[in-house]
Amino acid sequence: MKYIDGFRNPAVAKGIRATVDSLASGLQSRARPINIMEVCGSHTMAIARYGIRDVLPGNVNLISGPGCPVCVTPTSYVDVAIALAERGIMVVSFGDMIQVPGSVSTLAECRSRAGRIEVGYSPTRAIELAEANPDREVVFLAIGFETTTAPVIAMVDQAIGRGLKNLSLMTAFKLVPPALTALLADPEIRIDAFLCPAHVSAIIGADAYRPFVEQYKVPCVIAGFEPLDILYGIQGILEQMTQGKADVVNHYSRVVTAQGNLHAQTLMAKYLEPVDAAWRGIGVLPKSGLGLRAEFSAYDAEKKYGVTVALGSENPACACGEVLKGKRRPPDCALFGTTCTPEHPVGPCMVSTEGTCSAYFKYLR
Amino acid sequence: MSEQTIQLGHGGGGLMSRDLIQSEIVTRFGGGMLKGLPDGATLPMPAGRELVFTTDSFVVQPLEFPGGTIGDLAVHGTVNDLAVCGAVPRWLSLSLILEEGLPLSTLRRVLDSVKRTADDCGVSVVTGDTKVVARGQCDGVYINTSGIGEKMDEFDLSAGRVSPGDHILVSGSVGDHGMAVLAAREGIRITHGVVSDTGPVHRLVQASRPFARDVKFMRDPTRGGLASVLNEVVEDQAAGILLNEAAIPFSSGAKGVAEMLGVDLLQVASEGRMIMIVAASASEAVLSAWRSLPEGRDAARIGVVTDKKGRVILETLTGGHRLVDVPRGELLPRIC
């Protein structure tokens, strides 16, 4: 823990804050505040946990991006998972997924009605359960960005190696770069820079952001999840803006390399291929997800049980897409605070406890 | 020889029941009021004193974890509830619900820890009950304890007395119990792992007795942790709370597990800690009294009461501020 404490040092934080303040005051002449999107859900959580918004100058605005995999998983996915559990299939899930509402219910509610829902802290829990229950079918809810995809696929590789026949995946893997590209493709976009994810970048590598930085000329800084990492990342963004540059800068070099984790990339490419994916509140983004290749369809729960997660089943009134692009504020959405609340969220910005809408509901309403 | 286990017959009220009670309960708790196993305990009414009565049930899994067992918790939980009401804990009831097939050796270890902690806390087990349910109908052992304590007149505790400027004290690191149980349940093994803080707080209450008039509020932060307790205090009150993150004691083991699972230690249970709100003038004196006890060695002042109505705010390590929220439901680790 001493190692981590170094990245939370209050005195060092004060020094970086002073630099951020002076850089931001040099950018005061801009017509509107500087909108920085933190892409990753863990950044969003850390920013909230350390009160980082509160220490930023008035003209620097943080917008929470679509990088919480649980939050962007479509309602129809939850519905299908519940339907499988109701058929007597054992469903293994990461913890935070079980509270996410589908169109009528949650996995937690399903569990209370005797559905067999198991919470796993590691994907390998699915292998343990499949081996311990050879007479039962086990489905692992395979959601996540590149960071989570890698260990899940390592688990699949193990399961196939052991010849497990009663285990399959419901895939809803998402990719970060296509999501950023889709956000920037909007001509009215109001995002000036990206604070890029830490652990996703460890898998895909810093160079993965180069193509779209070159195309859209938006500064990107890869930052770790500790408070000093985040403040230092914001400093890096403001430095680029001050110099009028748009580049990929890696401030998390203790973990992230230019090429990323090649072993993970190879394993993912062996089992998975890009697919169109539905993002809760945003819609279907082309080639923004990963699905199992046809030759591994025996491990694809949707094919195995003849179920389909419907694309494009989201509430059309939900303005999360606009909120994510910095074009609208949460209270400007017709659903905010009425149909859509933290207890009954509609879009991803409300599903995440620290999502933009949820935070707005809690702190500012 | 195969291991002896609890059978349904041990709860049937016949000879097997009697043997179990005789050999496991009476041998440990059979002095005093339990002698002769009357249907109820007859207790002497303390003259002119009010009584405090409380009850709690314990269903922890695993039954044994680093730092204690369900037996320790069953005594500490009820003793601590009495203590933070300003009472001297005196008597306990002990009700056991046992699952068919429970190894007798496990039951013995649990009862040993009940006996040891009850002695340590100066409370007597004066009545009890034992039931056995069929395999699968409970999870090893469930325990209910009820407790009676004698109220100390000096304490006048209520959230309504809390006012801006008061200090918030905590008697030691927070969240250790919840993290120890979660780590044990999930088989998370780390070097210098986390150990439950299960323990009594009644001596901390005794130590603050000389300053009782200045003590406004006491609570042991169990389920929901520090966050729940402090939010409860200021709910519907004119006051709020400002915590200083740098001052809150956390053990390195609990921090390690919490970091791995992505949980907020402010929302995690302790089972041997106390939170006190005390007038600023008395806070140093209470702290030094606490620090002279082993269970208060790491006591700290972690915040102040403010006039920000109903809000619990944390000043973080970066100097920013955030709202300290009440946990929503079960404690779930995050994947991202």
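**Exercise 1. In chain A of this predicted model, find which residue of strand 2 stands opposite I34(A).**

Solution.
- Start at I34(A): the residue opposite, in strand 2 of chain A, is V60(A).
- Now take in the strands. Strand 1 of chain A covers residues 34-40 and runs parallel to strand 2 of chain A. Six bridges join the two.

**Exercise 2. Work out the strand order of the five-stranded open sheet in chain A, and name its edge strands.**

Solution.
- The order is 2-1-7-8-9, and the pairing is parallel.
- Strand 2 (60-67) and strand 9 (248-250) of chain A each pair on one side only, as edge strands.
- From one strand to the next, the twist averages 20°.

**Exercise 3. State which strands of chain A helix 13 lies across.**

Solution.
- Helix 13 of chain A spans residues 227-242.
- It lies across strand 1, strand 2, strand 7 (193-196), strand 8 (220-222) and strand 9 of chain A.
- Relative to strand 7 of chain A, helix 13 runs at about 150°.

**Exercise 4. Describe the seven-stranded open sheet of chain B, then place helix 8 of chain B on it.**

Solution.
- The strands follow the order 8-10-7-11-9-12-13, with mixed pairing.
- At the edges are strand 8 (215-219) and strand 13 (321-323) of chain B.
- The average twist is 25° from one strand to the next.
- Strand 7 (residues 167-170) and strand 10 (residues 275-278) of chain B run antiparallel, joined by four bridges. L169(B) stands opposite M276(B) there.
- Helix 8 of chain B (residues 280-291) packs on the sheet and touches strand 7, strand 10 and strand 11 (300-306) of chain B. Its direction makes about 15° with that of strand 7 of chain B.

Notes: Residues are numbered from 1 along each chain as its sequence is written. Chains are lettered from A and ligands numbered from 1 in the order in which they are written. This is a predicted model: local features need pLDDT of at least 70, side-chain atom pairs count only at pLDDT 80 or more; totals for chains, interfaces and linings use all residues. Two strands pair if DSSP finds at least two bridges between them. Axes are lines fitted to C-alpha atoms, for helices over the stretch in contact, and angles run from 0 to 180 degrees between N-to-C directions. Two residues are in contact if their C-beta atoms, placed from the backbone, lie within 7 Å.
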